[in-house]
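Dear colleague,

Please find below the structure that I agreed to pass on to you. My notes on its sheet and helices follow.

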Amino acid sequence: MNERPMTSPHSPTLTPADIARVALKRLAELGLPPTPENYTKFYNAIAAIKSPTDKSDAELKSAYQVLFRVSDVLDGMSDTSETLLEDLVRGGEVMSQSLDALRSRSDPTAVKEVLSTLIESTDSVCQTVSNSHRDLQELKSAVDKIQSDLAINRKTLEQDPLTGALNRQGLEHMLAREVKRARRGQLALSVAIIDLDDFKQVNDRFGHLVGDKVLVHFASVTKAVLRESDVLVRYGGEEFLLLLPETDLNGARFLIDRLRQVNVKTPFFHQSQHVDIRFSAGVAELKIDENGHAMLIRADEAMYRAKHEGRDRVIFAD
Ligand SMILES: Nc1nc2c(ncn2[C@@H]2O[C@H](COP(=O)(O)OP(=O)(O)OP(=O)(O)O)[C@@H](O)[C@H]2O)c(=O)[nH]1
C-alpha cells in the first residue's frame, strides 16, 4: 500500500482523486476523524504541493517534437492556401479584364489577342491549383504521420511500462469516457481497487526484481479474467484498478471471485518456490449523483476497510 513512484524517480502528478486519497490516508494515519473540516484542510494542503509528471525526459521530448511538427505543418497549410487564394484572385482579375476587352472589340486580330491572354491566364490558374493540390497532398501525408505518432505517444504516456496496464494518466481519460457513456446509456459502471497483500514481504524475501515479476504475473492473470471492454490500470506500486463498464456490484463480485480463483490456480514460482499472492479489494458502483472521482474514493475507502478487517477479502462500498 505504499506510495513508491511507479516508473521514474519523479513523483507522480496529483489528480483530484490522488489528493483526496492521500488526504483520507493521512487523516486515518493521524487518527483524526474524517470530518468535512479536517478533510478540506488536508485536501487543500496536499493540493498546494505541485509535482512534476511521472514521465521521463525522453518521452516528454518526443511529445514536444510532435507538437512542433504539428505547428510546422499548420504553417505550411496556411502558406499554401494563402498563395492559392492570391493566385486565384489575380487570375480572376485578368480574366474579368479580358472579358471586358472582348466585349468592346470587333477586330478579329484584337479578339484573338485577348482570347490568347484569357487562355494563358486560365492555364496559369490551373497550374496554381494543381501545385497547391500537390502541396496539400504532401501536407495531408504529414498530418497522417503526425496522427499515428500522436497515437503512439499517447499510448506511451498512458501506459505503465512494467505491466502494460494503463497508468493514472490513462485512467483519467478512460474514466471520463466511461462515466459519460454510462450516463448517456443509463448503464452500470463499477470500479474495483485491488491492493496486493503483504507485498513488502515478497520484496524482502525474494528481492525487488522478483517483486516486479510478481506484479507482471498478477497483471497478466487479471487481464485474462477481464472482458475486452474492461480496463486494467496500475493505480500505485502494488495496487491495481479495474474499471468495469456495464457492470453492477453483483457483476463485480463475480469478477473478483473469479480473479481470486484463477489467481490461486495460476501460482507464481520463483526457483520452484511458490510465491503466495493474495489481495484486498474495494468495489464501488457509480451512483446517479456522483462523479467518477467520488466513485474511486468510495472504492478506495472500501479497499482500506478490507485491509483493516484482515486482508484477503473484498468489501463493497454502500
Ligand atoms: N518490486 C516492486 N515492489 C514495489 C513496486 N511498487 C511498490 N512496491 C513495494 O510494495 C511494498 C508495499 O509495501 P506496503 O505499503 O508496506 O504494503 P504491503 O506490504 O503490501 O502491506 P499491505 O498492503 O498492508 O497488505 C513495498 O515494499 C514497495 O517497495 C514495484 O514496482 N516493484
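Two strands are taken to pair if DSSP finds at least two bridges between them. By that criterion strand 2 and strand 3 (residues 239-245) are partners, since 5 bridges join them, and they run antiparallel. One of these bridges links G236 to E239 in strand 3. Please bear in mind that the model is predicted.

As an overview, the protein has 9 helices and 7 strands. Of its 318 residues, 40% are buried. Among contacts between residues at least 6 apart in sequence, 70% join residues at least 24 apart.

The sheet

Strand 2 and strand 3 belong to an open sheet of 5 strands, with the order 2-3-1-6-7 and mixed pairing. Strand 2 (231-236) and strand 7 (314-316) each have a single partner strand and therefore stand at the edges, with one side of each left without a neighbour in the sheet. From one strand to the next, the twist averages 20°. In general, the strands of a sheet pair through backbone hydrogen bonds, either parallel or antiparallel.

Helices lying across the sheet

Which strands does helix 8 lie across? They are strand 1 (189-196), strand 3, strand 6 (279-285) and strand 7, and helix 8 runs at about 165° to strand 6. Helix 9 (residues 292-308) lies across strand 1, strand 2, strand 3, strand 6 and strand 7, and its direction is at about 145° to strand 6.

Contacts between helices

Helix 7 (residues 208-225) and helix 8 (residues 249-265) have axes that come within 10 Å and cross at roughly 130°. The two helices are therefore oblique to each other, and helix 7 passes helix 8 in a right-handed crossing. On the helix 7 side, the contact involves F218, V221, T222 and V225, which meet L255, R258, L259, V262 and N263 in helix 8. The residues of this contact divide into 6 nonpolar, 2 polar and 1 charged.

Helix 7 also meets helix 6 (residues 199-206); their axes come within 7 Å and cross at roughly 135°. That angle makes helix 6 oblique to helix 7. Here F199, V202, N203 and F206 in helix 6 meet H208, V210, G211, V214 and L215 in helix 7. The residues of the contact of helix 6 with helix 7 comprise 6 nonpolar, 3 polar and no charged.

With kind regards

Key
Residues numbered from 1 in each chain as written. Predicted model: local features only at pLDDT ≥ 70, side-chain atom pairs only at ≥ 80, totals over all residues. Heavy atoms only, no water. Axes fitted to C-alpha atoms, helices over the stretch in contact; angles between N-to-C directions. Helix = DSSP H or I, 4+ residues; strand = E, 2+ residues; numbered from the N terminus. Parallel < 35°, antiparallel > 145°, perpendicular 65-115°, else oblique. Left-handed = near helix turned anticlockwise from the far one by under 90°. Contact = heavy atoms within 4.5 Å. Nonpolar A, V, L, I, M, F, W, Y, C, P; charged D, E, K, R; others polar. Buried < 20%, exposed > 50% of the residue type's maximum accessible area, 1.4 Å probe, protein only.
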